[in-house]
Amino acid sequence: MDEILELLNTGQYTKLRQIIVDYNVADIAAFMEEMEKEELLKLFRILPKNMAADVFSYLELETEQYIITSLSDRDAANIINNLMADDATDLLEEMPANVVKRLLANASPETRRDINHLLRYPEDSAGSIMTVEYVDLKETLTVEEAIARIRKVGVDSETINVCYVLDQRRTLVGTVALRYLLLSPPDAIIGEIMHENIISLHTLMDQEEVARQFKKYDFTSMPVVDNEDRLVGIITIDDVVDILEEEVTEDIEKMAAIMPSDKPYMKTSVIDAWKKRIPWLLLLMISATFTGSIIASFENALSRYVVLTAFIPMLMDTGGNAGGQSSAIIIRGLSLDEISFRDWPVVVWKEIRTAVLCGLTLAMCSFAKILLVERVSVTVALVVCTTLFLAVIVAKIVGSTLPMVAKKIGMDPAVMASPFITTIVDAISLLIYFRIATLALGI
């Protein structure tokens with residue numbers, strides 16, 4: 001890449017154009033992302049036309065927008081026309097309305113039709129992420145005629161590994177892999193050699209479910225059909241990788257009590273970061289006031305046994321950590337469809353047994369540590385360790401139950417993650433602590 005930069009800076013554009021065709025388009029895009037905007041645009045203009053659209057599809061959305069708005073209407077339309085329809089749609093969805101209008105006005109009729117077709121589907125549905133560039137075959141074609149069609153339309157298709165067989169109403173009736181076509185006699189009829197056991201996706205299927213279907217069947221592409229089983233597009237494995245990255249990022253942000261963002265961290269402004277984080281922080285702050293109220297209500301007890309105050313952070317942190325462990329595992333299981341709400345009794349019973357073992361271990365270790373290090377009375381040590389044992393059990397139950405309840409009522413389980421569960425467990429742990437202390441110490 002140093003050679004590219006040197007040729008660009010010295011103005012040797014002809015030589016640069018000759019050598020750049022030997023580089024991988026993904027590597028060129030990654031290199032361009034590190035360049036200054038002026039140099040980036042200069043390099044993009046030098047790229048051969050048949051290569052520019054491929055490089056463009058690997059760039060970050062912000063970079064794509066900068067390039068599109070910097071090019072002339074004709075050059076911008078050329079890029080849009082050469083992009084896969086799903087990539088062009090993703091770009092236009094994030095562009096200002098006046099820019100979209102200008103680009104569509106200069107795009108080819110076919111491109112305009114495909115983009116408008118994709119834009120009408122709900123966001124994050126199979127219809128919104130599919131591509132309409134695929135190879136379709138009539139069931140009455142011979143293998144020789146099918147291969148001729150693939151040669152004709154395959155260059156503009158997302159993939160030719162699998163071809164989709166349609167009847168006269170464009171209903172999907174089968175699929176045929178390219179290798180079967182190559183191995184079959186030229187005069188064989190497509191309808192006779194096609195695979196009729198079709199696994200398809202619906203246009204309104206959520207993209208997370210789309211990813212699950214790909215994982216289940218281990219396909220590299222899947223057809224998308226409408227309510228009448230007519231083929232309207234396909235989704236390929238590269239789209240699924242993007243879906244998985246997006247969904248995992250969204251879950252991580254929700255589990256950290258942050259509203260999901262569609263921008264990378266380095267391109268998120270301080271104001272945007274504040275807007276995404278402050279709602280949950282305010283909610284958690286308000287909910288945490290219950291913890292303060294509980295402590296205040298036992299102020300007299302604490303004044304008589306000040307040593308009890310020293311163990312409050314340990315009890316709250318341990319309970320929160322125990323609940324966070326359970327919630328993380330259950331949320332992951334729900335995301336992978338390994339767990340459903342009907343498994344609730346089994347899950348809770350398993351978490352209770354695990355909590356008993358964890359609680360006993362922590363309580364015994366804590367009991368020895370309190371007597372040897374803090375040197376308090378055995379009664380106080382028993383109060384703390386009993387609370388610790390019960391807090392872990394409660395935390396495991398809460399941490400495993402809340403995500404499953406959230407899933408059942410239609411909420412994202414990731415919302416019921418560590419910060420929210422920790423606040424609930426903290427309050428319950430304190431109530432248990434002070435109740436046991438009151439009974440054991442007579443305060």
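**Chatting about a sheet, salt bridges and a patch**

Trainee: Hi! How does Arg 170 count at 32% relative accessibility, buried or partly exposed?
Mentor: Arg 170 counts as partly exposed, since its relative accessibility is 32%. Keep in mind that we are looking at a predicted model.

Trainee: Thanks! Which residue forms a salt bridge with Arg 170?
Mentor: That is Asp 136, and the closest N and O atoms of the pair are 3.2 Å apart. Asp 136 lies in strand 1, while Arg 170 lies in the loop between strand 2 and strand 3, so the salt bridge ties together parts that are 34 residues apart in sequence.

Trainee: Why does Asp 136 count as buried?
Mentor: Its relative accessible area is 13%, and buried means under 20%.

Trainee: Which residues are linked with Asp 136 in a network?
Mentor: Arg 149 and Arg 170 are linked with Asp 136 in a network of salt bridges.

Trainee: You mentioned strands. How many form the sheet, and in what order?
Mentor: Three strands form an open sheet, in the order 1-2-3, with mixed pairing. The edges are strand 1 (136-138) and strand 3 (172-177), each of which pairs on one side only. On average, neighbouring strands are turned by 35° against each other, ignoring direction.

Trainee: And how do strand 2 and strand 3 pair, parallel or antiparallel?
Mentor: Antiparallel, over five bridges, with strand 2 covering residues 162-166. To find one of them, look at Val 165, whose bridge partner in strand 3 is Gly 174.

Trainee: Back to charges! How many salt bridges does the structure hold?
Mentor: Seven. Among them is Arg 212 with Glu 208, where the closest N and O atoms are 3.6 Å apart. Both residues lie in helix 15 (residues 207-217), four residues apart, which is about one turn of the helix.

Trainee: Is that pair buried or exposed, residue by residue?
Mentor: Arg 212 counts as buried, at 18% relative accessibility, whereas Glu 208 counts as partly exposed, at 24%.

Trainee: Which side chain meets Asp 226 in a salt bridge?
Mentor: Arg 230 does, with 3.1 Å from N to O. Asp 226 counts as buried at 15% relative accessibility, and Arg 230 is partly exposed at 32%.

Trainee: New topic: which residues make the nonpolar surface patch?
Mentor: Phe 341, Trp 344, Val 405, Ile 409 and Met 411 make a patch of about 430 Å². Trp 344 lies in helix 20 (residues 344-374), and its relative accessibility of 35% makes it count as partly exposed.

Terms used: Residues are numbered from 1 along each chain as its sequence is written. This is a predicted model: local features need pLDDT of at least 70, side-chain atom pairs count only at pLDDT 80 or more; totals for chains, interfaces and linings use all residues. Side-chain values use heavy atoms; hydrogens and water are left out. Two strands pair if DSSP finds at least two bridges between them. Helices (H or I, at least four residues) and strands (E, at least two) are DSSP runs, numbered from the N terminus. Axes are lines fitted to C-alpha atoms, for helices over the stretch in contact, and angles run from 0 to 180 degrees between N-to-C directions. Patches are made of residues with over 30% relative accessible area and no salt bridge: like charges are joined within 9 Å, nonpolar side chains (Val, Leu, Ile, Met, Phe, Trp, Tyr) within 5 Å. Accessible areas come from the Shrake-Rupley method with a 1.4 Å probe; for residues, only the protein chains shown count as cover. A salt bridge is a side-chain nitrogen of Lys or Arg within 4 Å of a carboxyl oxygen of Asp or Glu. Buried means under 20% relative accessible area, exposed over 50%, partly exposed in between (1.4 Å probe, protein chains only).
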